[in-house]
Every structure is written in structure tokens, then in C-alpha cells.
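Me: I have a structure open and would like to learn how to read its features one by one. Could you walk me through it?

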Protein chains: 2
Amino acid sequence: MTDLLKKIGRIQNAPENYVCDALIAEVNVDGMNAARRSFLRKSFAAATAAVGSGAAVAAADHPGYGGEEIILTLPKHSTSLGHPVAYAPYGMPSKYEANLQRRESPGLTKRRESGVAFTPLQGLFGIITPSGLHFERHHAGWHDIDPASHRLMINGLVAEPKIYTVGDLMRLPSVSRMHFIECGANTAMDWGGPSVPSVQYTHGMLACSEFTGVPLSLLLDDCGIDRKNAKFILAEGSDGASLTRTIPIERALDDVMVAWGMNGEMLRPENGYPLRLVVPGAQGVSWVKWLRRIEVGDAPYATREESTQYVDLMPDGLLRQYSLIQECKSVITTPSGGQRLLDKGFYNITGLAWSGRGKISRVDVSTDGGHNWQAARMESPVLSKCLTRFNFDWRWDGKTSILQSRAIDETGYVQPKINELRAVRGNRSVYHNNAIQSWRVETSGEVINVQIS
Amino acid sequence: MTDLLKKIGRIQNAPENYVCDALIAEVNVDGMNAARRSFLRKSFAAATAAVGSGAAVAAADHPGYGGEEIILTLPKHSTSLGHPVAYAPYGMPSKYEANLQRRESPGLTKRRESGVAFTPLQGLFGIITPSGLHFERHHAGWHDIDPASHRLMINGLVAEPKIYTVGDLMRLPSVSRMHFIECGANTAMDWGGPSVPSVQYTHGMLACSEFTGVPLSLLLDDCGIDRKNAKFILAEGSDGASLTRTIPIERALDDVMVAWGMNGEMLRPENGYPLRLVVPGAQGVSWVKWLRRIEVGDAPYATREESTQYVDLMPDGLLRQYSLIQECKSVITTPSGGQRLLDKGFYNITGLAWSGRGKISRVDVSTDGGHNWQAARMESPVLSKCLTRFNFDWRWDGKTSILQSRAIDETGYVQPKINELRAVRGNRSVYHNNAIQSWRVETSGEVINVQIS
């Protein structure tokens, strides 16, 4: 490994992306190594001398890249009192990270209230999505609903219809589990070919959180569900769109929960505060936000969002309906479209894999457009219907390379190539594109969204 | 279970606590059930009638508790467009949650720059701590350090001392893992008896996050560590306190990492941005924030924070030094001190368990002050050196009850009673109080911090 690392490559993000990479843009690339060696030599001597007095200074100095001069003064933050505790009773990211944002794809929808804001996957680590960067997809915008006035009603094929306050639900036996949520339209824009530049826009309708709530099965039992005749439920949101979705009863009684918690705290308003349905493995639209009603019925409901929308137009002209499950998928988040490799040398290829049907069993990475594959390292824990982070050691030789990842889930399902997917589904679909993503690294170091048959 | 739930109890938090419980305070307790039944009957009929037209209304209505009148108008958020996507490019909690804050314990330290702000455990769910509510413990306050100018130096018993930029580190092979962090002084104030009212103050120097970074072992290898003579490392922060701690080399080469990521994004400034040491299982002070230097040596360094501070005064008058590991511990977070049970009936007892030595193997709960114990349900995943969330069904009969939890880790270590701990450690300690916590539920429903021998 140390040998592989001898020369660590550097990445420059697109301007709108991850700000911490500003530390690359400002340095003189050619002069860097010489300057660093010099800095190291001088400051190391100074620091070693200072260790005895408990005031090692060098590592925090400002080296003045590109020259030989080293300024051995301590930075202000090492010589002054900083902010007190609870300066921010609710903390925020560093000001240097302000550019890492949810971003819209202009013109994607007619109104911003029914638009999309994408998660900046290129700047994130691990599997937990910071709640402040969780993607948004609304049908009539979001409100900050007063939980004291919010109610959940359960009606239909139950012995005793009931209305619960948020407090009622929060005092029931709860469960906490980590799950991914992906919009069915994630990667939609690439059905017809590469159309957007970066992983934020190709795959950013994806997030992963720890959800806490009450199992829906417990509530249905509490209302005396008619188990003989109940075949489906309808979940209804309280937003202006009254968004509604049908869910088969087997799934509703399995791992679905009525959630109030996300990443340890209450749901964020734009993610359904105070209540949303969590339907592990299912597309995001089924995770009804601002949930106000569950109806138990004996037939699917064919609502707007499952008849004219969120259906897959197949090659024979028919619509595939009620396609609920997000199939196995993965994507490399770094290096990815819009970034630029500044050097030959070592890179940590990293990305995410997930499956709506269970755990990820393996992730392979190719750096030559799918001719050769090698297993990536998967970070633990590997959880069912949850993101799995993978990492892969790579040394870039400066030549054109095509980076791909391919996930396999515990059912044995292998993430398909785009042409394999098109052979079955045609190219008029909008939803459920889980094809292998290809990023081409040009000899210039630029990384571009491409499609490889 | 459904039978157990027949009557769901209600909890009122202390005024400074969890705001969502405002939904309790405003209702007329006596009138509630009658009003709900009436509301249910009327609104269910209305909603059922409305279902066909796709405009079910009742569940989101404002019922007017205490009377029979039901107003069947839809709330504004169901009849209007809300905020557009990316209205907040970086999102925040609901305004109704503004009271859930990190809070100081006034007078605990002379200056707020060397103080503590506690995590509001009583209002959190699952195991992930929202980064905005991560506890704070500083020695000279916090700064928002420019990552472009920050450096990490590794020196001492290495073949080639090196200085790394943050970018250098971030492009190395990374790992992501979930771990708890607990200040060695957590629960310190209760060594001499119950002193603070709520779990936020008794146990709130505790958090759990997914950390991403590079294994320290890789960096030490990269610098050519002298494996024959290296026995300890010194980790040094770049804050005004130049905080320094010694760590044995076996641990430094095990699962310690130099981290930049926390819960998917860069560390928060008050938690060490841009670099902190992650020392799984160790007390928080060893997780050096704003990390600028690692020195490899052959003897412990006996720095200020491990000789005059963070030592345990034993009954024989000697100081226990270098007590690094946080032993197995647990606490019930709801119901907990400062809350009030408003009814007899069902309650979900919930809490957290953790061990610096590995996984939690079992959590027991007692509701009678330790005479009888029953196993709690542990939420998955159960990870090493990570929080584990537990839940326990309980029906309160209105009598005085003493709630306790007792964790057992995979080494077989059993969380001690306070008198067992005092028998070994005396009562002049400040740090490392991992005793069983007792909350007494009075007949009035008030929950009080008590100690049971």
C-alpha cells in the first residue's frame, strides 16, 4: 500500500462543487513538491526544537507555497481563545464548506415547488447523508407543519378506525433502522444518453439515514386490520398535492414504518416533518411525506402518481405500473463527472452501492470500461436496503480511463449495463434507470459522463 | 402487544426540553379521550365520503380538543403551494424543534471557552447524533480553521517525518465507521450523589457518528515508523490550548484514524474541522481536535491533560493515570429526569448502551430499582465501540417506580452499581463514572434523578 501511495494524485472539483478542494486550486502545481520538501525540512527542525516546551508550531504554519520562505509564526487560532461552547446551540458546517449544497437542475420542472434539489454526492463520505443535504422532491412545495395539530388517521378495512396524534405515535414501541431512499426518477436524465455533467445531477436523488418510527403493522393491528380482505394500503400526504400511493399489504405488514425520526432528530420539514412513511427498498415517492392517512383496501388505488406518473413506458408501448422496488445499483462518487485529476498517481476510487431487495454482497470496479473487474473494499456495516460505501485503490497512469462500478446484491442480481437495460425496457422510460455508470478520465485529467454499451 | 398498548401513557418534558411535547401541554387531559372519539367519528365519516374525490380531509383537521365541534376546513399547508426545493440549500430543523439545543451547565467552568455544552439525549432517537447537537468540550474555545492552510505533521521515531495537507489525506485510502465518543467526565457530577436534574446534564457528553478518515497506521507506515522502538504516540491539537494526549502504540496502530468526515460531511468546526483523531472506545479528550501533529516516541508524555487533569483520584490518595478506555455503560433516555408521566398506562422505555471494549451483548431493564431485570430489545446494527439503542415495553401502574438499565458487553463486563464502583474507586473521582443510572418515577408522575445503593 505505501508503495502504491508514493505519488498521491490530486483532484480539482468543478467550481460549484466541494469547496475543501480550494486547497488545490491555490497552489502552484509545479512548485508544490519542492516547496513542501523545503517546508518540511525547515519546519520539522523548528517543531522538534519546540516540542520540549510544549509549543510545537510548524504543522499549523502558513508555508507560502512556491517559495522557500517559511513564516514560523503561529496562526491566530493557536494563540487566542476561540468561540465558547454553545456559541451555536444548533451547529452548522464550516464557512469553508458553504459551497456544498443541494442544487437544482434548472428547467427540470415548470415550478420550483414541484422540482428537485440534488444531494452533492461528490462531496460526501460514508453512508449517512447529512440531513441538511438530503435531496428534495416535492409535488406542491413544503411547509413547516405544527406537530401539535397534525394527525394520522387509519381507516378502511379495519375493525376500529383511529386517529393518532404525533405524541400518541411517539410513545409507542419504536424501531430504528438505516435505509437508503432513492427517487424512482434518479438517473432519469441519462436514459437517452449522458445529459448532465456530475454525480450530483446523475445520482443525487439518493440519501441514506437512520429512521425511527413505529412499525405500520403495529398500528394496523391496533386498528384491527381485516387480514382476510386487506390486500393493499393507500398512503396519503397532507401537502397541497395530497400525494397518494398504493402499497401491497405484504410489504405494509413487513418492514414499513411510520417515522418521525431521521438521523437522531425529528424529520426535517422538507422531508415530511412531523410524519413520513418509510418503505425500505421502495422508490421515494412511496415514502409519503407529511403523512396524514392510511387506508386499508382490497384493490390497488391507481392514483395519479401511479397511473400517469411514476410508470415505465415499455418498448411495446404499454406502461409498467406499480414498479415499487429500487433494483441493485451503484455509482462511483469520486473521481466523477466535473472533477479533474491534476496528477498521475494514486487515487482512492470511492462510491456507493445499494439494493431495494436486501444487502449488497459485492461491488466490482473497472478502470478500463468493463473489460476487467476487481472487487472493491466494502465498508461495514453492510445493511439491508441501505447504502454501502466502497473504496478501491487505483494508480492513474495518465491515459484515458473509463471508471465503472458494478454492484451485486444478496439475491444474486447483477447491476446491468445500459444496453442490457435498454434491451428489456427500451429507451422511453423515465424511471428506474439502475445501469452501470461510466466516467471517462481524459488525458487532461477531466472526468466526463459517458455511456458505454 | 396491542393489548399492552390499550392505554398509551403521555410524557411531559421539562420546559427547556423537547418541544414536540408541546402537543401534550395544550390539551385538556380529561377531555381528550371524549374529544378524540367524537373527532374520530365525525371526521372519519367526512373523510370516507371524500376519499372518492381524492380530497380526504379529516386527518389533517384541527379538532378543537375539549369540545364536540369539528371544523372541517383543510389546514393551509394542504391547500397552498409551500416552499420550493432548495429554499434552504442547507436545511435546518423545524422551527417547532428550536428548543432542542446543546445546553451549558452554568458555572461548571470558569470560562465558557473551556466549558461544556451537553447533547439533549432526552429528545434524540436511534444511535446517530445530529451533528448540530454533538456535545462540545473545549479547552480554549473553537475556531473555524481554513483547511487550505492546515497541516498535519508526523515526526519522532519515523524514518521520514512528513507534513500532509488536508487534501493529501483526503485522497488516501479511507475507512468509514460508526463510533461513540464520550467525555471521560461524563456523569462526573453524580459521583457524590445525584446533582443535576436531567439526562442531558448527567449523560449528555456523549455522541455517536459515522467517521471517515485514513487509518493512522497507514500514515505511520508512510513515514516509516520505527516499529522496534515506538511505544507511544503524542497527538497534538492546534487550538490555543495545544491540547496533547499520549496513546499507546498498539492502539494507535489498531483502529485509530485521522478523520475529516463526520456523518457524511466534513467535521463541524467545534468538533475539530478539518482534522481530528478518532480513537474508538477511548475517552473524548484523546480524540484530539484540530489535529496538527503526531509524534512517535518510546515513553508516555505525561502532558498536562493526563497528569493534573483527566486522572482518577483513588481511595488511597494515588492518581490513576492514562485511564483511556470508556467502560461499558448505559442510560435510559426516556422516561428520564425532568420529564413527567401524565397517565398510567403504556410507555416505551428507551435508552442507549455502549462499551469502549467492543459490542454490547445485552441490556437489561428494571422498573423496581434493580430487584427484577428483563432483557430489553436492542435495535440493529449492534456495532463495536458504538452506541446501541434499546427499547422496553412498560405499563406504569401509577406507583413509585425506579427505572434502571444495565449493559453487558461482549467481554462479559457488567455495568456496575454506584456502590460497587465506589467500593473500588472511592468518591473523590471526577472521571469514568459508568454506574447504573436510576430515575425515580413519583406517584405524581415526576421523574427524578436518584441514586440507589
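**How the chains meet**

Reply: Gladly! Let us start with the contact between the chains: in this predicted model, 129 residues of chain B are in contact with 130 residues of chain A.

Me: Which helix of chain B gives the most to the side that touches chain A?

Reply: That is helix H2 of chain B, residues 29–51, with eight residues. Sorted by class, the side of chain B that touches chain A holds 56 nonpolar, 41 polar and 32 charged residues.

Me: How is the size of an interface often given?

Reply: Often as the accessible area that is lost when the parts come together. For this pair we have looked at residue contacts, with 129 residues on chain B and 130 on chain A.

Me: What turn and shift lay chain B on chain A?

Reply: A turn of 180° with a shift of 0.0 Å along the axis does it, and the RMSD is 0.0 Å. This is how a two-fold axis relates two copies. Within chain B, B:Pro381 has the C-alpha nearest the axis, at 3.8 Å from it.

Me: Why do we say that the copies meet through the same surface?

Reply: Because 100% of the interface residues of chain B are interface residues in chain A as well.

**Reading the sheets**

Me: Now a sheet, please. What is the strand order in the open sheet of five strands in chain B?

Reply: The order is E6-E5-E14-E9-E10, and the pairing is mixed. At the edges stand E6 (162–165) and E10 (244–248) of chain B; each has a single partner strand, so one side of each has no neighbour in the sheet. On average, neighbouring strands here are turned by 20° against each other, direction ignored.

Me: How many bridges join E9 to E14 in chain B?

Reply: Six, between residues 232–237 of E9 and residues 291–297 of E14, and the two strands run antiparallel. To find the register on screen, look for B:Ala235, which stands opposite B:Ile294 in E14(B).

Me: And what is the order in the open sheet of four strands in chain A?

Reply: There it reads E17-E19-E23-E22, with antiparallel pairing. E17 (329–334) and E22 (377–378) of chain A are the edge strands, each with a single partner, so one side of each is left without a neighbour in the sheet. Five bridges join E17(A) to E19 of chain A, residues 345–354. One pair to look for is A:Val331, whose bridge partner in E19(A) is A:Leu352.

**Backbone details**

Me: What should I expect of phi and of peptide bonds in general?

Reply: Most residues other than glycine have a negative phi, and most peptide bonds are trans. Now for the cases to look up here. A:Thr334 and A:Pro335 are joined by a cis peptide bond with omega about -5°, and A:Pro335 sits in the loop between E17 and E18 (340–341) of chain A. In chain B, the bond from B:Thr334 to B:Pro335 is cis with omega near -5°, and B:Pro335 lies in the loop between E17 (329–334) and E18 (340–341) of that chain.

Me: Where is A:Asn263 placed, and is A:Asn263 buried or exposed?

Reply: A:Asn263 is in the loop between E11 (257–262) and E12 (265–266) of chain A, with a positive phi near 50°. A:Asn263 has 32 C-beta neighbours inside 10 Å, so this residue counts as buried. Likewise, A:Tyr310 has a positive phi near 55° and lies in the loop between E14 (291–297) and E15 (312–313) of chain A. With 24 C-beta neighbours inside 10 Å, A:Tyr310 counts as buried, given that the cut-off is 20 or more.

Conventions: Residues numbered from 1 in each chain as written. Chains lettered and ligands numbered in written order. Predicted model: local features only at pLDDT ≥ 70, side-chain atom pairs only at ≥ 80, totals over all residues. Least-squares fit on C-alpha atoms with pLDDT ≥ 70 in both. Contact = placed C-beta atoms within 7 Å. Pairing = 2+ DSSP bridges. Axes fitted to C-alpha atoms, helices over the stretch in contact; angles between N-to-C directions. Nonpolar A, V, L, I, M, F, W, Y, C, P; charged D, E, K, R; others polar. Buried ≥ 20, exposed ≤ 12 C-beta atoms within 10 Å, placed from the backbone.
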